[in-house]
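Colleague: Could we go through this model together? I should like to start with its pockets and then move on to the helices.

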Amino acid sequence: MEQATFGGGCFWCTEAVFQNLKGVEKVVSGYTGGRIANPTYKEVCSGLTGHNEVIQVSYDPTVISYEDLLEVFWKTHDPTTLNRQGNDAGTQYRSGVYTHSDEQQRLAEAYKQKLTDANAFDGPITTEILPLPTFYPAEAYHQNYYNQNRSQPYCQFVVKSKVDKVKSVFGDKLKSEAA
């Protein structure tokens, strides 16, 4: 298994997007990029810690490639809005790829450049691409959030639309039970 770490806004959304992909063994919501060790959700939401809400994906590279994960990442959030995804605003919602190796760094930068060269988005891409600093898992109640809280209004109106988009765009990459 290899790992990939992405920040694409609220980690509830990003987690739900990646959980259903073939080759993804585990997705853990958490925090990275800030100034304090072992931050709490409340501290991160204050915007004062410098941490970003992220997910850490454990995946089998013989089933799904890092490039495939990057494609899903870039197509399931808006990488042009600095410190914002939809109504979620603040540095904790910034777009980021946090790499685990030089190869991941190279691939992420190349993918971002390819999108920039193709004018794939209406504005400039603001996604930061950095070597992963320390990853801190979020509290237990944030893990597998969408699957355990589907009737919650945020899940119904925000998360579900992202999950539905993945199902329609990436149907060939979904686990059979998710398709």
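Colleague: How do the residues of the lining of the largest pocket divide into nonpolar, polar and charged?

Modeller: Please bear in mind that this is a predicted model. The lining of the largest pocket has 5 nonpolar, 6 polar and 2 charged residues.

Colleague: Which residues lie nearest the centre of that pocket?

Modeller: Of the 13 residues that line the largest pocket, Gln85, Gly86, Asp88, Tyr154 and Val158 lie nearest its centre. The space in this pocket is about 170 Å³.

Colleague: And which element gives the largest share of the lining of the largest pocket?

Modeller: That is helix α6, residues 153-169, which supplies 5 residues. Val158 is in helix α6.

Colleague: Is Val158 buried, exposed or partly exposed, and what is its relative accessible area?

Modeller: Val158 has a relative accessible area of 28%, so it is classed as partly exposed, the class between under 20% and over 50%. Its C-alpha atom is separated by 17 Å from that of Asn83, and the two residues are 75 apart along the chain.

Colleague: Let us stay with α6. At what angle do α1 and α6 pack, and how far apart are their axes?

Modeller: Helix α1, residues 11-19, packs with α6 at an angle of about 35°, and the axes are 9 Å apart. The contact involves Trp12, Cys13, Ala16 and Val17 from α1, and Tyr154, Val158, Val159, Lys162, Val163 and Val166 from α6.

Colleague: How do the residues of that contact divide by class?

Modeller: The contact of α1 with α6 has 9 nonpolar residues, no polar ones and 1 charged. As for handedness, α1 passes α6 in a right-handed crossing.

Colleague: How many residues of α1 are buried?

Modeller: The count is 9 of 9, so α1 is largely enclosed by the rest of the structure. The buried residues of α1 include Thr14, Glu15 and Gln19, along with Phe11 and Phe18.

Colleague: On to enclosed space. How many cavities of 30 Å³ or more are there?

Modeller: There is 1 cavity of 30 Å³ or more. The largest cavity has a volume of about 40 Å³.

Colleague: Which residues line the largest cavity?

Modeller: Its lining is formed by Gly8, Cys13, Thr14, Val17, Phe73, Thr76, His77 and Lys162. By class, these are 3 nonpolar, 4 polar and 1 charged. Helix α1 contributes the largest share of this lining, with 3 residues.

Colleague: Phe73 brings up α3. How many of the residues of α3 are buried?

Modeller: In helix α3, residues 66-75, 7 of the 10 residues are buried, and the helix is mostly covered. The buried ones are Tyr66, Leu69, Leu70, Glu71, Val72, Phe73 and Trp74.

Colleague: What do the buried residues of α3 pack against?

Modeller: They pack against the strands β1 (2-8), β2 (24-32), β3 (52-59) and β6 (95-99), and also against α1 and α4.

Colleague: A different region, then. Where is His142 found?

Modeller: His142 sits in the loop between β8 (135-137) and α5 (145-148). Its relative accessibility is 0%, so it counts as buried.

Colleague: Which residues is His142 in contact with, leaving aside its neighbours within four places in sequence?

Modeller: On that basis, His142 is in contact with Phe11, Trp12, Glu15, Ser29, Tyr31 and Tyr41. The C-alpha atom of His142 is also separated by 8.5 Å from that of Gly30, although the two residues are 112 apart along the chain.

Colleague: One more thing, the backbone. What is phi of Asn144?

Modeller: Phi of Asn144 is near 55°, a positive value in a residue other than glycine. Most residues other than glycine have a negative phi. Asn144 lies in the loop between β8 and α5, and it counts as partly exposed at 26% relative accessibility.

Colleague: And what about phi of Asn119?

Modeller: Asn119 also has a positive phi, near 50°. Asn119 is located in the loop between α4 and β7 (128-131). With a relative accessible area of 64%, Asn119 is exposed.

Colleague: Finally, is Gln105 in α4 buried or exposed?

Modeller: Gln105 lies in helix α4, residues 102-117, and at 14% relative accessibility it counts as buried. Not counting residues up to four places away in sequence, Gln105 touches Thr99, Ile129, Leu130 and Pro131.

Terms used. Residues numbered from 1 in each chain as written. Predicted model: local features only at pLDDT ≥ 70, side-chain atom pairs only at ≥ 80, totals over all residues. Heavy atoms only, no water. 1 Å grid on protein atoms, 1.4 Å probe; cavity = no way out; pocket = protein on both sides within 12 Å on 5 of 7 lines; lining within 4 Å. Points joined across faces, edges and corners; volume = space filled by probe spheres on them. Helix = DSSP H or I, 4+ residues; strand = E, 2+ residues; numbered from the N terminus. Nonpolar A, V, L, I, M, F, W, Y, C, P; charged D, E, K, R; others polar. Axes fitted to C-alpha atoms, helices over the stretch in contact; angles between N-to-C directions. Left-handed = near helix turned anticlockwise from the far one by under 90°. Contact = heavy atoms within 4.5 Å. Buried < 20%, exposed > 50% of the residue type's maximum accessible area, 1.4 Å probe, protein only.
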